[in-house]
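Reader: Could you take me through one part of this model at close range? I would like to hear about a single strand and what surrounds it.

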Amino acid sequence: MKVTSNIKSVLGKADKKIYGHFLEHFHRQVYGGVFDPDSKFADNDGFRTDIIEAMKKINVPIIRWPGGCFVSSYHWKNGIGKNRIPEFSKAWRVEEPNLFGTDEYVKLCKKIGCEPYICTNAGTGSPEEMSDWVEYCNLDDKGYWAKNRISNGYAEPHNVKYWSIGNENYGSWEIGAWSSDQWGPIVRESAKMMLKVDSTIELSAAALADPSWNYRLLRDAGKYLRWISIHCYWAENFDGINTLDFSKVVLLSDKSISDPIDKARATLTTLGLDKKIRIAFDEWNLRFWYHPRSLESFYTDKPLTEDDYLSPRDLNDRNQTYTMSDAVFSACFLNTCLKNCDIVGMACFSPIVNTRGAIFTYKDGIVLRPSYYVFDLFSNYMKDNILNSWKWESETLEGEYHGRQITVDAVDAVVSYGDGVFAVSAVNRDENHSHVLELDMTDTPVSLMRIHTLNGQDANSYNDVEKTEVSVKTSEWIHFKKSVTLEPHSVNIIEIK
Ligand code: AHR
């Protein structure tokens, strides 16, 4: 494939928040994940320092918390102060001890050096519970909740800038599933109260690719929003073990990613809001989380035992599930966000720790799964200015998925520029063949290049406690050459200066 771009033809500036992450109170993401006071890696606050270091290495810019479905019956006031009140999580049917609450979350974000981003309970919660949460986090000392924060030992406000109203309240699986006619007024009344507490916060709300849901939301509450949140997972679970093979994953890594963005963009543009409201793709992962008989199928004629719905969640911990499929797909997702950087300003990988996350924890350490290295490459080497690029002579891959014939380019590339360096993310989606990427840098005096390649022996390579099959290899700086050969099933960043 040949690619050309022009330093003067800038598509837009990438917002680093597209390299964001998500942390939910589900399975071992919080307890037994980031928060594990008994771990030998725990600091004085009970946070695993090995995880914090790994997150700092990939420059995590923002973490969305506490859910996800969890949040739609979560009451944040039970998770602050000296006497934490355990609650039963209706979403996941387990006890939430509330030992990790708002103050612990903000402290964790400070240690990582990332922005907090709180998603509120629009299921069993209320506009007042949401605005009290903003009072607790952002007011100096006015009113009961700011004074409560001070009495808990936090004299300074937490200054949480990013807030989302609700999580997937459009879906029947969600506690507090509302109709599109109900949702707009709920968001409007919540937004009014939250902004009356702190008019500097940036609000998002649960949205969809579906124009009708978004139209009503934006009609009723668009004036208060700076973001709309959309979510997508692509590869269905079967029994949590069988996963899609690489050739099928590749077919999902193109239009299936851009389609929800295109639809959300169209509604914003139609309403003239595309310059005021951006898209936060604040839950995404190739793979659905594995939690059978939990959300919609929790209720059956024969009552389910804990064994029916709790123990299968451990299957998310099988590291052999997460292969170069995850790396190639995730790199194509980030490329798609960069190609839409004019309207996609945030994305949160769902989640960052355990479940389907980039980092797996066990007693004696952590495993960095292939998707982790995608964030390592993109967040450390891609530049802010995304250039328009033109490609031709691109080989393609064909296949059938769910009865649809799909064609994708064998190579997916994005050209960025900054600080005198071009950085090209180039993904070879072909499982079996190398492909040559030809970079036409005419009119641009470049002399040196180096290539970072994330790959494994084959498309099913993965990392585990006792095995590292997937890693990044970086070449020396070499004289610039127009043609770069990309290994099969590989993710590459090519630096040129
Ligand atoms: O599977 C996890 C769930 O996916 C999240 O809690 C929710 O937001 C999404 O439906």
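Author: Happily; here is a close look at strand S18 and its partners, followed by some other parts for context.

Please keep in mind that this is a predicted model. Strand S18 covers residues 421-428. How many of its residues are buried? The count is 8 of the 8, so S18 is largely enclosed by the rest of the structure. Here, buried means under 20% relative accessible area. The burial holds for both faces of the strand: Val421, Ala423, Ser425 and Val427 point one way, Phe422, Val424, Ala426 and Asn428 point the other way, and all are buried.

Now to the partners of S18. Strand S17, residues 411-418, runs antiparallel to S18 and is joined to it by 8 bridges. One of the residue pairs sits with glycine 418, whose bridge partner in S18 is valine 421. S17 and S18 together make a hairpin, with 2 residues between the strands. In that turn, aspartate 419 has a positive phi of about 50°. S18 also pairs with strand S26, residues 490-496, through 7 bridges, and this pairing is antiparallel too. Here valine 427 has valine 491 of S26 as its bridge partner.

Helix H11, residues 370-381, invites a similar look at burial. Of its 12 residues, 10 are buried, so H11 is likewise largely enclosed by the rest of the structure. The buried residues are Pro370, Ser371, Tyr372, Tyr373, Val374, Phe375, Asp376, Leu377, Phe378 and Ser379. The length of H11 can be checked as well: at 1.5 Å a residue its 12 residues should span 16 Å, and the end C-alpha atoms are 17 Å apart, which agrees.

For a parallel counterpart to those antiparallel pairings, turn to the open sheet of 8 strands, ordered S8-S7-S6-S3-S2-S11-S10-S9, where the pairing is parallel. Strand S8 (202-205) and strand S9 (227-235) stand at the edges with a single partner strand each, so one side of each has no neighbour in the sheet. On average, neighbouring strands of this sheet are turned by 25° against each other, direction ignored. Within the sheet, strand S2 (residues 20-22) and strand S3 (residues 62-65) run parallel and are joined by 2 bridges. Phenylalanine 22 has arginine 64 in S3 as its bridge partner. Helix H8, residues 255-270, lies across S9, S10 and S11, and runs at about 160° to S10.

Key
Residues numbered from 1 in each chain as written. Predicted model: local features only at pLDDT ≥ 70, side-chain atom pairs only at ≥ 80, totals over all residues. Heavy atoms only, no water. Pairing = 2+ DSSP bridges. Helix = DSSP H or I, 4+ residues; strand = E, 2+ residues; numbered from the N terminus. Axes fitted to C-alpha atoms, helices over the stretch in contact; angles between N-to-C directions. Contact = heavy atoms within 4.5 Å. Expected span 1.5 Å × (residues − 1). Buried < 20%, exposed > 50% of the residue type's maximum accessible area, 1.4 Å probe, protein only.
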